[in-house]
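User: I'm new to this one and would like a close look at a single part. Could you walk me through it once it's on the screen?

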Amino acid sequence: MSDRTFTLLLDRLRSIASRKQRFSYDVRGNSYVTSDLVVAYTIPGEGTPDLETVLQHALDHDAVVSGHRDPVDGQVRYSSCRLFTDLHNAMVFARAQGQGSVYNWNRWSEVKVSEPVV
């Protein structure tokens with residue numbers, strides 16, 4: 001991907017984040033994700049990753065970037081995500097990534113990750 005295309009994607013994602021409380025965007029298909037289940041990857045490193053790191057991770061993996069505005073400080077938190085159509089596999093992946101929730105776009109709600117049944 002050229003530097004110009006990468007920069008345009010960054011600008012598009014920042015523009016979307018300024019208008020929406022929460023979004024998921026397919027960066028390869030240049031379209032919003034409006035259905036199914038979204039689970040964030042854990043990106044190695046210290047602290048909250050910046051948008052450039054998240055976008056690069058998304059392009060290397062499943063090409064979905066999500067963002068949500070933190071109600072406490074108003075900052076947008078970005079994450080590289082993977083889409084699922086069934087809750088079981090989404091929960092398994094979320095547990096493996098150390099995530100506390102799965103976002104269900106079909107119901108516009110977060111689903112807390114349950115502990116595995118032993």
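Is R77 buried, partly exposed or exposed, and what relative accessibility does it have? Please start there and then take me through the salt bridges and the largest pocket.

Analyst: Happy to. Keep in mind that this is a predicted model. R77 counts as partly exposed, because its relative accessibility is 25%, and buried would mean under 20%.

Now for what R77 does with its side chain. R77 makes a salt bridge with D70, and the closest N and O atoms sit 3.4 Å apart. There's another residue involved too: D70, D73 and R77 are joined into one network by salt bridges that share partners.

Step back to the whole structure and the search turns up five salt bridges. One of them pairs R14 with E52, with 2.7 Å between the closest N and O atoms. If you trace the chain, R14 is in helix α1 (residues 3–19) and E52 is in helix α2 (residues 51–60), so this pair links distant parts of the chain, 38 residues apart. How open are these two? R14 is partly exposed, since its relative accessibility comes to 37%. E52 is partly exposed as well, at 30%.

Another salt bridge brings together the side chains of D62 and R82, at 3.7 Å from N to O. D62 belongs to the loop between α2 and β4, while R82 is in strand β5, so the pair ties together parts that are 20 residues apart in sequence. D62 has a relative accessible area of 30%, which makes it partly exposed. For R82 the figure is 32%, so R82 counts as partly exposed too.

Strand β5 is a handy bridge to the largest pocket, because β5 gives four residues to its lining, the largest share. The pocket itself holds about 510 Å³ of space. Its lining is made of 24 residues, and those closest to the centre are A40, H68, Y78, S79 and Q99. To find the walls on your screen, look for the elements that give two or more residues to the lining: β1 (22–26), β3 (37–40), β4 (64–69), β5 (76–84) and β6 (101–104). As for the character of the lining, eleven of its residues are nonpolar, ten are polar and three are charged.

And how does one spot a space like that at all? Rolling a probe the size of a water molecule over the atoms shows where empty space is left.

Conventions. Residues are numbered from 1 along each chain as its sequence is written. This is a predicted model: local features need pLDDT of at least 70, side-chain atom pairs count only at pLDDT 80 or more; totals for chains, interfaces and linings use all residues. Side-chain values use heavy atoms; hydrogens and water are left out. On a 1 Å grid over the protein atoms alone, a cavity is a set of points where a 1.4 Å probe fits but cannot get out, and a pocket is an open set with protein on both sides within 12 Å along at least five of seven lines; lining residues have an atom within 4 Å of a point. Grid points are joined across faces, edges and corners, and a volume is the space filled by probe spheres set on the points. Ala, Val, Leu, Ile, Met, Phe, Trp, Tyr, Cys and Pro count as nonpolar, Asp, Glu, Lys and Arg as charged, and the others, Gly among them, as polar. A salt bridge is a side-chain nitrogen of Lys or Arg within 4 Å of a carboxyl oxygen of Asp or Glu. Buried means under 20% relative accessible area, exposed over 50%, partly exposed in between (1.4 Å probe, protein chains only).
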